[in-house]
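Q: I'm new to this one, so could you pick a single part and take me through it slowly? I'd like to know who touches whom there, and what is tucked away or left open.

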Amino acid sequence: MNTTALIRPAWTPATIALMVIGFMVFWPLGLAMLAYIIWGDRLDGFKRDVNRATDGIFAGCRKASYRASAHTGNVAFDDWREKELERLNEERRKLDEMRDEFDSYARELRRAKDQDDFDRFMANRNKPTAPTVTPKKGGKSGLLDD
């Protein structure tokens, strides 16, 4: 995966300049930029975990508010609505699990590709270099018929 963003968690000229400017303006800004450069690649997973945790915490509040405001007076409709909401929540849970499985699959593919690239590099690196051919008497190299 190629990242081409100007500001990304890496030691690029833009991030270094922002870090220096941050330290000159207000030192916590420079420190925050330094932390982003070093640990910014972990933010995606952290953000996803925080979102799931808050969704889990506030799911009970949503259910309570749905139940409090959802009563229409028609018991059959309310029961149907409740079952549909439970079904949708189950579908959401299944989709989240499938997304997690795909993320781990994609991560494993990237790891396997990186391993393959590394193995190819090491194989090429360890190959003996072709011996140099000295020209024969008469000016011909001996490699090709001139």
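A: One cut-off to start with: a residue counts as buried under 20% relative accessible area, as exposed over 50%, and as partly exposed in between. Keep in mind, too, that this is a predicted model.

Now a quick look at the whole chain, to get your bearings. The chain has 4 helices and 0 strands, so reading from the N terminus you get α-α-α-α. Of its 146 residues, 8% are buried. The accessible surface is about 12600 Å², and carbon and sulfur atoms account for 62% of that. If you take contacts between residues at least 6 apart in sequence, 33% of them link residues at least 24 apart.

The part to zoom in on is the pairing of helix α1, residues 13–25, with helix α2, residues 27–39. How are two packed helices described? By the angle between their axes and the distance between the axes. Here the angle is about 155 degrees and the axes are 5 Å apart. Because angles over 145 degrees count as roughly antiparallel, α1 is roughly antiparallel to α2. On the α1 side, the contact is made by T15, I16, L18, M19, G22, F23 and V25. On the α2 side, the residues are W27, L29, G30, L31, M33, L34 and I37. Sorted by class, the contact holds 11 nonpolar and 3 polar residues, with no charged ones.

Let's stop at T15, which sits in helix α1 and is one of the residues making the contact with α2. Is T15 buried or exposed? T15 has a relative accessible area of 0%, which means it is buried. Its side chain has a polar atom 2.7 Å from the backbone oxygen of A10, and a polar atom of that side chain also lies 3.0 Å from the backbone oxygen of T12. Setting aside neighbours within four places in sequence, T15 touches I7, R8, A10, M33 and I37. Two of those names, M33 and I37, belong to the α2 side of the pairing.

V20 is in helix α1 as well. Its relative accessible area is 40%, so V20 is partly exposed. M33 turns up here again: the C-alpha atoms of V20 and M33 are 8.9 Å apart, with their positions 13 residues apart along the chain.

For a glance beyond this pair, try A59 in helix α3, residues 43–70. A59 has 21% relative accessibility, so it counts as partly exposed. From A59 to N89, 30 residues apart in sequence, the C-alpha to C-alpha distance is 9.9 Å.

Terms used
Residues numbered from 1 in each chain as written. Predicted model: local features only at pLDDT ≥ 70, side-chain atom pairs only at ≥ 80, totals over all residues. Heavy atoms only, no water. Axes fitted to C-alpha atoms, helices over the stretch in contact; angles between N-to-C directions. Helix = DSSP H or I, 4+ residues; strand = E, 2+ residues; numbered from the N terminus. Parallel < 35°, antiparallel > 145°, perpendicular 65-115°, else oblique. Contact = heavy atoms within 4.5 Å. Nonpolar A, V, L, I, M, F, W, Y, C, P; charged D, E, K, R; others polar. Buried < 20%, exposed > 50% of the residue type's maximum accessible area, 1.4 Å probe, protein only. Areas by Shrake-Rupley, 256 points an atom, 1.4 Å probe, with all protein chains shown as cover. Polar contact = N/O pair within 3.5 Å; in protein donor to acceptor, adjacent residues only side chain to side chain.
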